[in-house]
Structures are given as structure tokens and as C-alpha cells.
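Work through the exercises below with the sequence and the structure in view. Try each task before reading its solution.

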There are 2 protein chains.
Amino acid sequence: MNHPTALAPDDLLQALRWRYATKAFDSTRKIPAATWAALEESLVLSPSSFGLQPYRFLVIEDPTMRRELLPHTWGQKQVVDASHFVVLAGRTQVTEAEIDTFLHLTATTRGMEVAKLAGYRGMMTGSLLSEGFQPKVPHWAECQTYIALGTLLSAAALLRVDACPIEGFLPAEYDRLLGLTAQGLTATVCCALGYRAGSDKHATAPKVRHPKSSLVQRV
Amino acid sequence: MNHPTALAPDDLLQALRWRYATKAFDSTRKIPAATWAALEESLVLSPSSFGLQPYRFLVIEDPTMRRELLPHTWGQKQVVDASHFVVLAGRTQVTEAEIDTFLHLTATTRGMEVAKLAGYRGMMTGSLLSEGFQPKVPHWAECQTYIALGTLLSAAALLRVDACPIEGFLPAEYDRLLGLTAQGLTATVCCALGYRAGSDKHATAPKVRHPKSSLVQRV
């Protein structure tokens with residue numbers, strides 16, 4: 001009954017169990033280009049509210065910038081040691097222009113008249129541009145970046161790339177160093193990716209989870 | 001160089017491209033038990049801040065409850081038609097007792113003395129129980145449920161189970177009907193899972209994404 005190309009459930013769970021928040025990365029190992037390209041694509045393909053993608057993903061390649069971010073990340077060495085370091089940034093505002101850009105992209109991608117999207121446009125503007133929603137935009141956009149984080153962490157586990165999500169950083173300092181504010185963005189969460197160091201004792205520590213019977217409730 | 005059991009990048013991307021927000025589910029098709037068990041386990045294995053799992057996942061099996069939730073979900077038929085319907089709920093507060101329960105679980109799981117976790121405890125209580133953070137708890141917990149949502153959507157795609165994340169619902173009504181408030185929880189986001197109906201024209205519509213060069217910035 002399953003789709004012929006479906007992954008076996010056990011293969012999925014094996015990957016998710018292999019994953020852990022990597023504390024020490026092997027700074028000599030780099031993620032191969034093809035693998036990294038797939039991880040970036042997993043971010044691009046991540047779902048978002050209305051499909052609007054109210055975020056940007058910054059891949060910090062410059063070692064100097066990584067060193068500058070380090071003290072604003074409580075000195076967590078993953079920032080400089082990991083093969084790749086991604087800053088996820090959410091929109092702080094949504095404008096009518098942004099919605100129309102997206103609708104034109106939709107029309108072009110799907111070979112249709114943008115006028116046919118009038119109903120969808122009304123739904124989006126009515127919801128996102130309402131006075132009541134405007135103060136909630138940063139929160140809403142932040143949530144969307146967390147879907148992308150979940151997508152990225154799952155993708156990395158499946159490709160057997162180690163990762164560490166990082167919430168412990170100073171967004172105001174990140175925004176300043178990366179020039180995010182002027183772009184209508186704010187750093188929401190980060191992710192270091194690469195390969196675990198042999199010395200990372202966290203790699204072999206059993207995963208701690210509440211019992212499924214407590215986490216999952218049947219109604 | 002890759003881990004021997006790593007998924008091929010193309011297989012990952014094929015699954016993520018196959019995924020779309022399913023608007024119409026085939027109400028006659030149920031997700032097989034083994035597949036569903038793996039999807040629940042993907043929720044359990046999802047990463048969270050400090051590993052604290054400040055959430056619960058409600059699987060709404062009762063058809064009457066599904067029908068009651070429908071009008072509070074703008075009548076989106078996925079709520080009643082999908083094989084499974086999950087409500088993700090975040091903690092509205094974090095208590096010292098909850099942190100200690102987690103630390104005891106950690107000590108038991110890892111066969112260590114809980115006293116050895118004193119440093120970790122101090123970090124968690126200092127951060128999560130601080131006066132400044134208390135009002136941010138629901139927001140922080142909500143973000144963690146969105147990681148779980150991203151994990152679940154990726155897992156479903158890999159197992160070729162269709163899904164639709166749903167943000168358009170009335171949390172206050174969900175909380176009331178599901179008795180969440182008394183548990184210190186609030187509904188944050190939902191997800192319908194099952195199999196697309198043959199009639200769902202969204203299944204074949206090309207995915208709309210901003211160019212990677214715009215979504216992903218190199219610094």
C-alpha cells in the first residue's frame with residue numbers, strides 16, 4: 001500500500017535517533033558541496049504560512065564574522081568550529097508589496113493570470129495586513145523559521161550530518177553585525193552543522209524523552 | 001566519506017518536493033499502524049530547548065471531537081477527512097517542579113546521580129524561571145512546537161504520507177474543548193495527516209518558492 005519510494009519507518013527513526021545537539025564539532029571536516037546544497041534546498045522547500053516564506057537564511061562563511069558572532073553567542077564554540085553556520089531570520093513586517101511580489105511569483109510559476117489569485121490575495125491581506133495582526137508579524141514569522149529549523153535538522157540527520165540548534169545568542173547584536181534590521185529582518189534562531197568531534201561525550205549519551213504515553217495524548 | 005546509512009541527497013529532496021499542503025484528503029484511507037507509530041515517534045524524538053519538551057501532542061481520534069473542532073477551524077475539511085489529526089500544544093508556564101522532573105528523568109535515563117546535573121539545573125532555572133523570561137514562556141514553548149511540526153512534516157514526506165499544517169483555528173476554543181488550559185497548555189498549531197484525494201488539484205501545482213539566491217544569503 002505504501003508509495004514505492006517511501007523510506008522505511010525504521011530508517012527514518014534510526015536517523016532521528018542518531019541525531020543529537022552536537023556540542024563539539026570536528027573543525028577539520030567540511031560538509032561536501034552536494035550534501036550542503038541539499039541541506040540549503042531543504043530550507044528552500046520548507047513549508048510556511050500562506051507559502052509566503054517570510055524569512056531569509058544566512059550562511060555565515062566568513063571566518064571573521066563567525067568570530068565576531070561568537071561572544072554574542074555565549075562563546076559557544078560550535079559557531080566557529082562547525083563546517084557551516086546558519087542564521088535563520090524572520091521578517092519583522094509584512095507589506096502589501098511583498099504579498100504582491102509573492103502572488104506574481106505564484107502566477108508566473110503556475111502559468112496563470114495573477115487576477116485569478118484575487119480571492120487568495122484578499123485572504124492574505126485581510127489576515128496579514130490587519131491592524132490586529134501587525135504587532136504579531138515578528139512572532140508569526142519567527143514560528144515559520146522554526147518549521148524551517150525542524151526541516152533542516154531532520155534533513156541533516158537523514159544525510160548523517162551533525163547539527164546543533166542554537167537559541168542562546170543576542171539577536172540585537174546579530175542584527176547589527178549582519179545588517180538585518182535594515183532588511184526588515186531579525187535573527188530568530190541559529191544552526192551549526194558539520195561533523196561531531198570524537199571527543200564529544202554527548203554523542204553517546206542516551207536521549208532523554210518523556211514517555212510517549214505522556215507526550216502523546218489520545219482524545 | 002558519507003555515513004554508510006546516510007540517505008542519498010536526491011532521495012531526501014524528492015520527498016520534500018513531493019510534499020504539499022494537502023487541501024483535500026481521501027477520507028476512506030487510513031495511515032497503517034506501523035507508519036503512524038513512526039510518525040508519533042518522530043514527534044517524541046524532535047529536539048527542543050534544553051531538551052525540556054515543553055509541549056504535548058494530542059491525536060484526535062474521536063470523530064465527534066473532530067466535528068466539534070471543525071467550526072473553530074474555519075470549516076477546513078482536513079480536520080474531519082484526514083486519517084489523523086494532531087493538535088500541538090505548548091506549555092504556558094514552566095515550573096521548578098517540571099525542571100526537576102526532567103532532571104530526574106535525565107539522571108535515570110543516563111544512569112547518573114542527579115546531583116551531577118546541578119550546573120545544568122542552575123543554567124535552566126536561571127534562564128527559564130527568571131522574572132524577565134516568565135512572560136515569554138508561551139512564545140518560547142510555541143517555537144518548540146514548530147520545530148516538532150517541521151520534524152513531523154519532513155517525516156511524513158519521507159514516509160509518503162500527505163499532510164497539511166493548519167494555523168487557521170481558534171486556540172481559545174481548542175483549549176476549551178480539549179481541556180488544555182487546566183493542564184497549563186495552549187494549542188499552538190495543528191497538522192492533518194493521511195492521503196491526498198484524487199480530486200485535489202493542489203497536488204500537481206508547481207511549488208512556489210523565491211529563488212534560492214534570494215532566500216539564502218552568503219555572508
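**Exercise 1: a strand of chain A**

L88(A) stands opposite V189(A) in strand 4 of chain A. This is a predicted model, in which local features need pLDDT of at least 70 and side-chain atom pairs count only at pLDDT 80 or more, while totals for chains, interfaces and linings use all residues. Residues are numbered from 1 along each chain as its sequence is written, and chains are lettered from A and ligands numbered from 1 in the order in which they are written.

Task: state how strand 2 (residues 84-91) of chain A is paired, and whether its residues are buried or exposed.

Solution.
- Step 1. Fix the terms: strands (E, at least two residues) and helices (H or I, at least four) are DSSP runs, numbered from the N terminus. Two strands pair if DSSP finds at least two bridges between them.
- Step 2. Strand 2 of chain A is joined to strand 1 (residues 55-59) of chain A by 5 bridges, and the two run antiparallel. Here Y55(A) stands opposite G90(A).
- Step 3. With strand 4 (residues 185-194) of chain A, strand 2 of chain A pairs in the antiparallel sense over 8 bridges.
- Step 4. A residue is buried if 20 or more other C-beta atoms lie within 10 Å of its own, exposed if 12 or fewer, and partly exposed in between, with C-beta atoms placed from the backbone. In strand 2 of chain A, 8 of the 8 residues are buried, so this strand is largely enclosed by the rest of the structure.

**Exercise 2: a sheet with strands from two chains**

Task: give the order of the strands in the open sheet and find its edge strands.

Solution.
- Step 1. The sheet has 5 strands in the order 5(A)-1(B)-2(B)-4(B)-3(B), with mixed pairing.
- Step 2. Strand 5 (216-218) of chain A and strand 3 (162-166) of chain B are the edge strands, as each pairs on one side only.
- Step 3. From one strand to the next, the twist averages 25 degrees.
- Step 4. Strand 3 of chain B pairs with strand 4 (residues 185-194) of chain B in the antiparallel sense over 5 bridges. Within this pair, C164(B) has A192(B) as its bridge partner, and A163(B) stands opposite L193(B).
- Step 5. Strand 2 of chain B is joined to strand 4 of chain B by 8 bridges, again antiparallel. R91(B) stands opposite L185(B) in strand 4 of chain B.

**Exercise 3: two domains of chain A**

Task: which residues make up each domain of chain A, and how many residues are in contact between them?

Solution.
- Step 1. Domain 1 of chain A covers 21-94 + 136-198, and domain 2 covers 95-128. The bounds come from an automatic or database domain assignment.
- Step 2. The C-alpha centres of domain 1 and domain 2 of chain A lie 28 Å apart.
- Step 3. Two residues are in contact if their C-beta atoms, placed from the backbone, lie within 7 Å. By this rule, 4 residues of domain 1 of chain A are in contact with 6 residues of domain 2 of chain A.

Note on methods: Axes are lines fitted to C-alpha atoms, for helices over the stretch in contact, and angles run from 0 to 180 degrees between N-to-C directions.
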